[in-house]
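Hello, and thanks for sharing this one with me. Here are my notes, written as numbered points so that you can follow along in the viewer.

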Amino acid sequence: MHFMQKTFRAKPPPQSFLVGGIAFLVGVIGLTIPAVALQQPEPAIAATVANQTVTVDEANGFLGRTIDDRPLRDDVKTLLQAKALEQLVGQLLVLEYLRADNKLASDEDVQLAQERLEEELHAVEQTLEQHLAAQRLTRSGLANRIRFQLSWKRYLDALLTEENLKKHFEKFRREMDDGQMRVSHLLLKTSDAALDDMDTIRVKAEQVRQQVVDGKIAWSDAVQSHSQAATRESAGDIGWIGRFAPMPESFSAAAFKLEPGQISATVRTEFGFHIIRCEEIKPGTRSYEQAEQDIRRHATQYLFGWIVARQKEQTPPRYTGQYPHLDSTTGQVIAPTPPPQPQPQRQ
C-alpha cells in the first residue's frame, strides 16, 4: 500500500471545515413544505468544478446544517459562507480525483441510493421534491452528494488500514496524543470593522509578523504595541492549550505545527487575525489504541485536504462572484460582487 508514501510527503493545505466522518443520507421528518412550483427560476451559481456546479442555495443550506441559529456579525458570516463553499467545492474536486483514478461510484449505485432515499421519504409522506427544497438542493446537487458519500467511504475503507493509521499516528503524534502547548498570540480584532476593512487589517497583521520574524521588533514589544487581546499586558500569553480545545480549530491547527520560539503565519478566526508564538510543548501519553477514533478522523481530513490541493492544480474551480469564497492563492475571503444596479432611464 503506497498511501503513506504517496500522500503524507505532501504538505497539507490549510483546512477550513472538518470533514470528520462520512454522513449518509438522512430523511427529513416532520417538515411541512409547500408544493414546489412546476417552473423554477435558474439557480444562482456560486462555483463550478469541471462541468459540475455548486449553487448559492446549496452553499447556504450546507452552512445552515453546520451552525446553530445564533446571530453572526457580517464578517463572521462571510467567512463561514466562504468556508462552506470551499467544502462543497472540495467534494467536487475529490470526485474528479476519484474519477481519474477509476474509483468513482457508478451511475447505477447513485440511482439505487436515490431510490432508497425516495422509499424512506415515501414512508414519512414526503416527496423527493420536498426533500430537495428542504435541503436546498437541485437534482444534480443531490446526485453529487450521493456519489461523493458512496465513493469517499469506499476509498477510505480501502485506504485507512490499521497499518496506515499507525503510520499516520507516528507522523502526527503531537496532534493526537493529548499533548499540550503553551502559546502566546497577537490579535488584531475584526469585530468592529466593516467588511471593506478586512484586507487592511490582514495586511497590517502580516506586516507586524514580518517585523517580528526579521528581528526588527521583539515579540513582547509587538504585542504591547499592536495586540487588541486581553493578554496584551502579559506578552500575549494564553497559557496551555490542547489540540482541539479551547481555541478555534484554525488557531489550534496552526499552533500545533510550531516548535518552541516559532511564529505562525497570520491566522484568521471569528475574533480577527492572530499571530501565534509557541512558548513550550508538553508531550502527551495517549496510545494508538486510545486515540484510534481521532486518528481515523485526522487521517480522513488530511487525505481530503491533500486530494483537494492536488486536484485544484488539474481542475481549478471557477467562482462566479455571487457568493463569498476563499482566494486560491492567499486563502483570504473574497466578498461577493454586488449585482450591477439598473441605470435610470432617461425621460
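**Notes on the predicted model**

1. Let's begin with a group of charged side chains: a network of salt bridges links D178, R286, D294 and R297. Side chains of opposite charge can pair when their charged atoms come close. Please keep in mind that you are looking at a predicted model. Searching the whole structure turns up 24 salt bridges, and a few more of them appear below.

2. Now for the overall picture. The protein chain has 347 residues, and 44% of them count as buried. Its secondary structure consists of 12 helices and 9 strands. About 19200 Å² of the protein chain is exposed, with 49% of that area supplied by carbon and sulfur atoms. Take the contacts between residues at least 6 apart in sequence: 75% of these join residues at least 24 apart.

3. Which parts of the chain does the pair R136 and D57 tie together? The two side chains form a salt bridge, with an N to O distance of 3.2 Å. R136 sits in the loop between helix 5 (128-135) and helix 6 (139-159), while D57 belongs to helix 2 (residues 56-66), so the salt bridge ties together parts that are 79 residues apart in sequence. R136 counts as partly exposed because its relative accessibility is 36%. D57 is partly exposed too, at 42%. While you are at R136, have a look at its backbone: just after helix 5, this residue takes a positive phi of about 60°.

4. Compare that with a pair inside one helix. E163 and K167 meet in a salt bridge at 3.6 Å, N to O. Both residues lie in helix 7 (residues 162-171), and their spacing of 4 residues is about one turn of the helix. Are these two residues buried or exposed? E163 is exposed, with a relative accessible area of 51%, which puts it over the 50% cut-off. K167, at 38%, is partly exposed.

5. One more pair is worth a click. R277 and E279 form a salt bridge in which the closest N and O atoms are 2.9 Å apart. E279 is partly exposed at 24% relative accessibility, and R277 is partly exposed with a relative accessible area of 24%.

6. Next, please turn to helix 3 (residues 74-100) and helix 12 (residues 288-314). How do their axes cross? They come within 9 Å of each other, at an angle of roughly 75°. That angle makes helix 3 roughly perpendicular to helix 12, because it falls in the range from 65 to 115 degrees. On the helix 3 side, the residues that meet helix 12 are E86, Q87, G90, Q91, L93, V94, E96 and Y97. Their partners in helix 12 are F304, W306, I307, V308, R310, Q311 and K312. By class, this contact has 7 nonpolar, 4 polar and 4 charged residues.

7. Helix 5 and helix 6 offer another crossing to study. Their axes are 10 Å apart, and the helices pack at an angle of about 80°, so helix 5 is roughly perpendicular to helix 6. L128, E129, L132 and Q135 in helix 5 meet R139, L142 and R145 in helix 6. The residues of this contact divide into 3 nonpolar, 1 polar and 3 charged.

8. Stay with helix 5 a moment longer. Which of its residues are buried? They are L128, Q130, H131, L132 and Q135. These buried residues pack against helix 2, helix 4 (107-123) and helix 6.

9. K282 is a residue of strand 6 (residues 272-282). With 39% relative accessibility, K282 counts as partly exposed. Setting aside neighbours within four places in sequence, K282 is in contact with G179, Q180 and W240. The C-alpha atoms of K282 and G242 are 9.9 Å apart, and the two residues are separated by 40 residues along the chain.

10. Finally, look at T337, in the segment after strand 9 (333-334). T337 counts as exposed, at 57% relative accessibility. Its C-alpha atom is 5.2 Å from that of G321, a residue 16 residues away along the chain.

Key. Residues numbered from 1 in each chain as written. Predicted model: local features only at pLDDT ≥ 70, side-chain atom pairs only at ≥ 80, totals over all residues. Heavy atoms only, no water. Helix = DSSP H or I, 4+ residues; strand = E, 2+ residues; numbered from the N terminus. Buried < 20%, exposed > 50% of the residue type's maximum accessible area, 1.4 Å probe, protein only. Contact = heavy atoms within 4.5 Å. Areas by Shrake-Rupley, 256 points an atom, 1.4 Å probe, with all protein chains shown as cover. Salt bridge = Lys/Arg side-chain N within 4 Å of Asp/Glu carboxyl O. Axes fitted to C-alpha atoms, helices over the stretch in contact; angles between N-to-C directions. Parallel < 35°, antiparallel > 145°, perpendicular 65-115°, else oblique. Nonpolar A, V, L, I, M, F, W, Y, C, P; charged D, E, K, R; others polar.
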